[in-house]
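Me: I have a structure open and do not know how to read it. Please take me through it.

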Amino acid sequence: MKLIKAYVCIFFIFVALYPQYYYFGRNKIQYTKFDWHVLKTKHFDIYYYPEMEEFVEIGARIAEEAYLEYQSRFEHHINREVPLIFYSSHLHFQQTNVIPYFIPEGTGGFFEFIKGRVVIPADGSYSQFRHAIRHELVHVFFTSKVNSILIDRQKLDHPFPPLWFNEGLAEYFSIENRRYPDMVLRDAVLKGYLRRITEIGEITGSYLMYKEGESFLRFLADKFGKDIILRIIENVWVDEDFTHVIEFVTGSSIEDLQDEWVLSLQKRLLTDIKDKESARSRDVKLTERGFNVKPAVYSSSDTLIKVLFISNRSGYTDIYAKSLGDKSNLEIIVRGERTHEYEAFHLMRSRMDVHGNRLAFVTKKGEHDVIHIFDLKAGRNLFDLEFPNLTAISSPKFSADGKRLLFSALDFGGYADIYFYDFDNSLLVRLTDDIYNDSDPIWLPDARGVIFCSDRGVSGKDGFMNLFSFNIVDKKIAPLTCGMENDISPSLSPDARELLFCSNREGKYDLYVLPLDEGFTPGELYVSRVYRITSYTGDTFDPVWVNDSTIVYTLFEDYSFNIMLRYLDEDSLAYVGQNYSILPEVTCWKPERLSGDRVKTRQIYRGKYSLDIAQGQLTQDPFFGSMGGAQIAISDVLGDRRYEILIYNNARTKSEFMNSFNFFIGRYSLGRRTNFGYGMYRFSGERFNYYEGFYDEKRVGAFFVLQYPITHFNRFENVVNLAYSQKDWYDWRGVRKAWIVENHFSYVYDNSIWGLSGPVDGSRFIVTLGYVVDVRYSNVSYYTVIADFRRYFRLRLYLTYAVRVAGFVSEGKEAQRFYIGGSWTLRGYPLFSIWGNHCFLFNQELRFPFITSVQLRFPRGKVNLGGIQGALFVDAGDAWESGFPGLRGSFGIGFRINIGGYLVLRYDIGRRTDFRKISKSTFYQFFFGWDF
Amino acid sequence: MRRVIFAAIVFLILGWRCAERHRVYFQYGEEVKPIGRVGDGNINFLWVRSLLAAPGKDFEVFDGSIVVSDLRNRLYLINEMGKIVKSIRLKGSVNGKVLINGEYAYFTTSGDRFRLIKLSLRNTGDKIEKKVYSVFEPVLVDSLLLVVSMDGKVYCMSKENLGVVWIRKLKNRVYFAPFSVDGMVYIIDFSGRLFSVEIPYGKLRKATDLPTMPETVLPVDDTLIVFGGRDGKLLLYNVTENRIRWMVKLHGRIVSKPLLKNGMLIVGTMADSIYMVDFKKGKVLDRIYIGEPVSTDMVGVGTVAIFGSLSRKLICFDIIKKQVVWKCKLKGRVISNPLLFGDFLVVGCEYKYVYLFELR
C-alpha cells in the first residue's frame with residue numbers, strides 16, 4: 001500500500017528517537033551534558049571530556065602502543081584515523097548514541113563496524129581500560145584486514161569470519177598475562193557444557209563463546225606456532241565455510257582439531273582440580289537457579305538469621321531473603337528494575353551491608369548511583385544518599401556504631417576512590433584520591449582504619465588487585481597482601497581477629513583467612529600467614545561472616561552463582577604461605593601517558609559527520625507501477641545529531657513525473673535529555689484504505705517531534721505537523737484542500753521484560769491525545785484519543801497471564817479510522833478487516849513454553865530453532881462507526897517460534913464467537929510478529 | 001510505455017553492474033610528472049591502471065611486457081604504455097611468483113583449482129596442467145621443476161611435459177615456498193626445519209633447525225642465505241658449513257627482502273623502521289625511524305632503496321645519508337614488490353592498481 005510509505009517515514013521518526021521497540025519501549029536517556037574535545041594522535045582521533053584528561057592520555061598511549069603491535073601482528077595498516085570515544089564511567093558509557101541499543105552492565109566497550117568507531121569506558125581501572133582498548137583495536141584491525149583481503153580478491157559477497165573467531169581473537173591478542181584458565185571455561189569443561197567449535201553457534205554472543213574462541217586459538221598457536229592465526233586470516237577467502245579455511249591452513253580436520261583441543265583442556269583442568277572437592281559435599285546450598293550474589297546477613301531477632309542477596313532469577317534483579325535453618329521459600333525484600341527508584345542493580349559489582357534493621361545497597365537512579373538505606377523491619381526505603389559529583393558507587397559498609405558509611409565510588413573524571421559518609425554531620429569525606437582503582441572497603445574496629453582492595457601494589461600494573469590497609473589518622477596506606485594474584489572481597493570476623501577474603505593465588509578463586517593479631521596497625525606493613533579454607537571445584541566469592549564459626553559466600557558452578565553456607569572448623573585451614581609473596585615496594589607504579597611528540601592537536605569538538613547509509617532502490621508493482629528512490633542518513637561521530645533524506649518518485653507516466661516527486665528531510669538531535677527532530681516532506685501519490693477506498697493525496701508540510709524521557713521507564717512525546725493537503729477521491733467528493741495543523745501528545749510507560757516471543761512480566765501503556773484541524777477551509781477537524789494498557793502477570797517463572805485493554809476514539813470531520821483483525825489484534829478475523837472510528841480491544845493470553853528447544857539435524861550439520869511458545873487466548877473487540885454493534889471475539893491456542901532473535905512466526909488455531917454462539921468452523925491463522 | 005521505461009532501467013542497472021565489473025581505470029601522465037630525485041636523475045610517474053582484482057606479490061618481465069597475476073584468476077601481459085596485451089583467464093589464483101623460462105611461464109594456482117601450469121606466453125593455447133595441491137611457486141633447476149604441496153610432498157617434474165620424475169615426502173607440512181641456491185633446493189617446514197633437496201637425485205636432507213619462522217629469504221652468492229622472520233629475527237646461514245653465522249633481533253616483523261649494499265643489509269620492518277646491519281658481523285649499525293611500515297622488498301637504485309609501505313606510499317630512502325628522500329602516495333596499500341626493469345619501475349597496490357614509473 002502507498003500508505004505504507006508514509007508509515008515508513010513516521011517509523012523513521014520514532015526509530016530515530018529510539019524507543020527500544022516501536023510504540024512502547026524504555027528510554028535511553030542522555031542525562032549528562034558532556035563538553036566534548038578531540039585529541040588527535042598519529043593514528044587516532046580520541047573524543048573525550050576534560051574531566052577525564054588523565055585517563056585520556058593514558059588511554060591514548062595504550063592505543064598507540066597497541067597499534068604498533070597489531071600493525072606487526074596483522075601485517076596491516078589502517079589508513080585512516082580511528083575514532084576512539086572514551087567515557088569516564090560505565091554510567092556515562094550507557095548514555096552513548098553511537099549505537100541505539102541499551103548497553104548491558106557486562107559490556108566493557110564495543111566496536112561499531114559501520115563507521116569504525118570504538119567506544120570504551122575507563123571505569124576507574126587501568127588494567128580493565130587497557131584490556132578493553134586492546135580488545136577493541138583487535139576488532140578494528142581484523143575487520144580492516146579481512147575487508148582488504150576480500151576486496152583485493154573481489155570476493156565481495158564472501159561471508160565474514162564467525163563471531164567466535166572474531167571475539168576469540170580479540171581476547172587472545174589483548175590478554176597479556178593469562179596465568180590461569182578462565183573460570184567460566186573451567187566450569188564448562190568440568191560440567192560438560194563446553195561447546196565444540198562446530199556447535200559454538202549455540203552460544204553465540206555469550207561470555208563462554210569469547211572464552212572458548214580464545215582457548216581454541218591459543219591451542220592452535222601452541223600446536224602450529226603463533227603465525228597460524230595470521231595465516232588463517234590471510235586465507236579467509238579460500239572457502240565460505242570458515243572451518244574449511246582452518247582445515248586448509250592447518251592440514252588437519254576440524255573434528256580432529258577440536259577433539260584434541262577439548263582433550264588438552266580436560267587434561268589440564270582435571271589435573272588442576274584432582275585434589276579439589278565439591279562445595280555441595282561440605283556446605284549448604286541456599287539458592288538454586290540464576291545469578292544469586294553479594295550476600296549480607298541480617299539478624300531479625302536473636303533466633304532468626306536471614307541471608308539477603310541480590311538475584312536476577314526472575315528476569316528482574318531483586319533483593320531476596322532466605323531464613324537460615326528455616327525451609328521457607330525465598331522472600332523478596334526489594335523489587336528492582338521496575339521503577340525509577342531502583343532503576344538498575346550492578347549485579348556483579350556492588351555488595352550490600354546490614355546494620356541493625358538497616359540495609360544499605362546501591363542502585364542506579366537516573367544519572368547517578370545512589371545508596372539506599374532500607375528499613376528491613378518496616379519494609380520500606382528510609383532515605384537515599386546521592387552525591388552529584390560521584391557517578392558510580394559500590395559496596396557500602398556501615399561502621400560498627402552505624403554512624404558512618406564507607407563505600408567506593410567513581411567521580412566524574414573516572415577516579416575510583418574510597419569515601420565515607422558521616423550521618424551525624426552529613427559530611428562526605430574522601431579517603432583516597434589518586435589514579436588507582438580502590439574498591440571493596442571495610443572498616444576496622446573503632447573506625448581507626450580501613451581495609452580495601454586496590455591495584456596500587458607492585459603487581460597492579462598487570463591488573464592484579466591486592467589488599468591494603470589505610471590509617472584514618474595519618475592517612476598512611478600499606479599493603480596487606482602483595483603478589484601476582486587477585487585478593488578481593490575482604491570481610492572482617494566479628495571479633496576482628498581474622499580477615500576473610502577470596503583470592504585466585506592458587507589458580508582459582510577460593511576463600512582465605514589472614515589472622516590479624518595485636519601487632520597489626522593499619523597503614524603499616526604487617527607480615528602474617530595466609531590460610532586457605534576452601535578447596536572446591538567451583539570458584540568462591542563475596543564471603544560474609546554470619547558469626548565466629550559460620551560464613552556465607554557465593555559459589556560459581558554450573559554456570560550459575562549460588563549462595564552457600566559454611567560451618568568453619570580448624571581442620572579446614574590449610575597454610576599456603578605468607579601474605580607477601582612479592583616484596584612490596586614503597587612507591588606505587590605510575591601509568592604512562594602519551595608523550596608530547598605523539599600528540600598532534602587538541603581541540604573542542606564541533607561536529608564531524610559521515611554517512612550512515614546510502615541506498616537506492618527500484619521497484620515494480622504490477623498494479624501500482626514502478627517506483628524508484630534513494631535514502632541517505634548522515635550522523636556525527638558521537639551519534640548525537642542525525643540527518644535523514646528520502647527521495648522517491650512513483651510516476652507511472654512521463655507527465656506525472658514532477659507531480660509524483662516525494663521527499664523527506666529530517667534532522668534529529670539526540671545529545672541531550674530532550675530529544676527532538678524537525679523537518680519537511682512532500683508525499684504525493686495514490687493511497688488506499690478500506691474506509692476511503694482509493695484516493696490521491698498530495699501533502700506538503702513540516703513536522704516537529706519531541707520526546708522527553710521522565711525516567712528510564714516513561715516519557716512524554718509530542719508530534720506537531722503543519723501541512724497542506726490535497727485529496728482527490730475520484731468521485732462526487734471532488735478535490736479536498738486543507739491547511740492542516742496536527743498536534744499529538746502521548747505518555748508512554750514501559751517496564752516490561754521480554755521472553756522469547758514477547759513480554760513476560762511488567763506492564764506498559766500508552767495514552768495519546770491528538771487534535772487535527774484545517775485552519776483555512778475547515779474541511780478537516782477531528783480529535784483522537786488512544787489508550788492502550790498491557791499488563792503481564794508472572795504466575796510462574798515460565799507462565800505468564802497477559803492482558804491488553806485498548807480503546808481508540810476519533811471524532812470529527814475526516815476522523816481517523818482504526819483497523820483491527822488478524823493475528824496482532826483480533827485473532828480469527830482477516831487482517832484489518834474490521835474498522836471504524838471507534839475501536840475497542842480486550843485480549844487475554846496465557847503464555848507458556850510448549851517445547852523447550854527444537855533442533856533440526858541435517859547430514860551436514862544441525863540448526864537450532866530455539867523453543868516453541870504456546871498461548872491460550874481469548875480475544876474480544878470491535879470497531880464501529882456509530883452505534884456499538886456488539887462484541888466480536890475468538891478463542892483458541894497459538895504457537896510462536898523465534899527465528900534468530902528477530903523474527904517471531906505465529907500460528908493460531910481457534911474459533912470465532914460473538915459471545916452468544918460459537919462458530920462451527922475452526923480458523924487457522926499463520927503470521928509473524930511479537931506477542932502484544 | 002511503462003514496460004519500456006522499466007526495461008530500460010533494468011538494462012541500465014545490469015549494464016552498469018557489468019561495466020563496473022569490467023571497468024578499468026587508466027590514467028596516463030600527459031606531462032611526465034617527477035615524483036622525486038633518484039640519484040642524479042628523477043623518478044617520473046608514467047601511468048596507473050586497474051586490473052580486475054588486486055595484483056599479486058611479484059611481477060616478471062617477458063618480451064618487454066610486464067607479467068602480472070591478480071589475486072583472482074587472471075594473468076596479464078601489460079606493455080610499457082599500460083595497455084593490456086594479453087589477459088589470460090585461469091581457473092584459480094596464481095600462488096606467488098610466475099617463473100619464466102624462455103617463452104613459458106610456470107606457476108601454481110589455488111582457490112578453485114589446485115594446479116601446476118606450464119603456459120606459453122606467446123601462444124596461450126599451448127598449455128599443460130597437472131593437478132598438484134600446492135600454494136607455493138615452483139622452482140626451476142636446470143630442466144627440472146620442483147613443486148611442493150601443502151601436505152609435504154615434493155614433486156620433481158620435467159619442465160617439458162610436467163611428467164613426474166620423483167616424489168619425496170616430508171613429515172610436516174611445508175611453511176615457506178622452496179628456493180634454490182647453487183643447484184640445491186631448500187624447503188622449510190612448519191616446525192622450522194630447513195631441508196635441502198639435491199637435484200636431480202632427490203636426496204632429502206635435514207639442514208638445520210631455524211630459530212625463526214622466516215617470512216623472507218635472500219640468497220647471497222652460492223653459500224649464504226639471509227632469513228628474515230616474522231618475529232623480527234634476522235639471521236645469516238652458511239649452507240656449506242651448515243651453521244648460522246649470526247642472528248640479531250630487530251623490532252617489528254620482517255616481511256620483505258632486505259637489500260645488500262656496501263657490505264650492509266638494509267632491512268625494513270613493520271615497526272616503521274629501517275635497520276642497517278653489518279653483513280659480516282651481524283651487528284646493528286643503525287636504526288632509522290621512518291614512520292611507515294615496510295611491506296615490500298627493497299629495490300636498489302644507485303645509492304637509494306625504493307620500497308612500498310602499507311601506508312599507501314612508495315618510499316625512497318637514501319642509504320648513504322640514512323634518510324627518506326621522498327614518499328609518493330599511491331591509491332592503496334603497496335602489496336606487490338617493486339620491480340626494476342631497464343629504466344622502469346613497476347609496483348602494485350591494493351584495490352587493483354598497477355603503477356609504472358620511469359627513472360631518468
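**Reading chain B and its partner**

Reply: With 360 residues, a compact globule would have a radius of gyration (taken over C-alpha atoms; the rule is 2.2 Å times the number of residues to the power 0.38) near 21 Å, and chain B agrees, because its value is 22 Å. This is a predicted model, where local features need pLDDT of at least 70 and side-chain atom pairs count only at pLDDT 80 or more, while totals for chains, interfaces and linings use all residues. Residues are numbered from 1 along each chain as its sequence is written, and chains are lettered from A in the order in which they are written.

Me: How many helices and strands are there in chain B?

Reply: Helices (H or I, at least four residues) and strands (E, at least two) are DSSP runs, numbered from the N terminus. Chain B has one helix and 34 strands.

Me: What share of the residues in chain B is buried?

Reply: A residue is buried if 20 or more other C-beta atoms, placed from the backbone, lie within 10 Å of its own. In chain B, 42% of the 360 residues are buried.

Me: How many residues of chain A are in contact with chain B?

Reply: Two residues are in contact if their C-beta atoms, placed from the backbone, lie within 7 Å. Here 23 residues of chain A are in contact with 29 residues of chain B. On the chain A side, helix 2 (53-74), helix 4 (126-152), strand 33 (609-621) and strand 34 (625-636) each supply at least two residues.

Definitions and conventions: A residue is buried if 20 or more other C-beta atoms lie within 10 Å of its own, exposed if 12 or fewer, and partly exposed in between; C-beta atoms are placed from the backbone.
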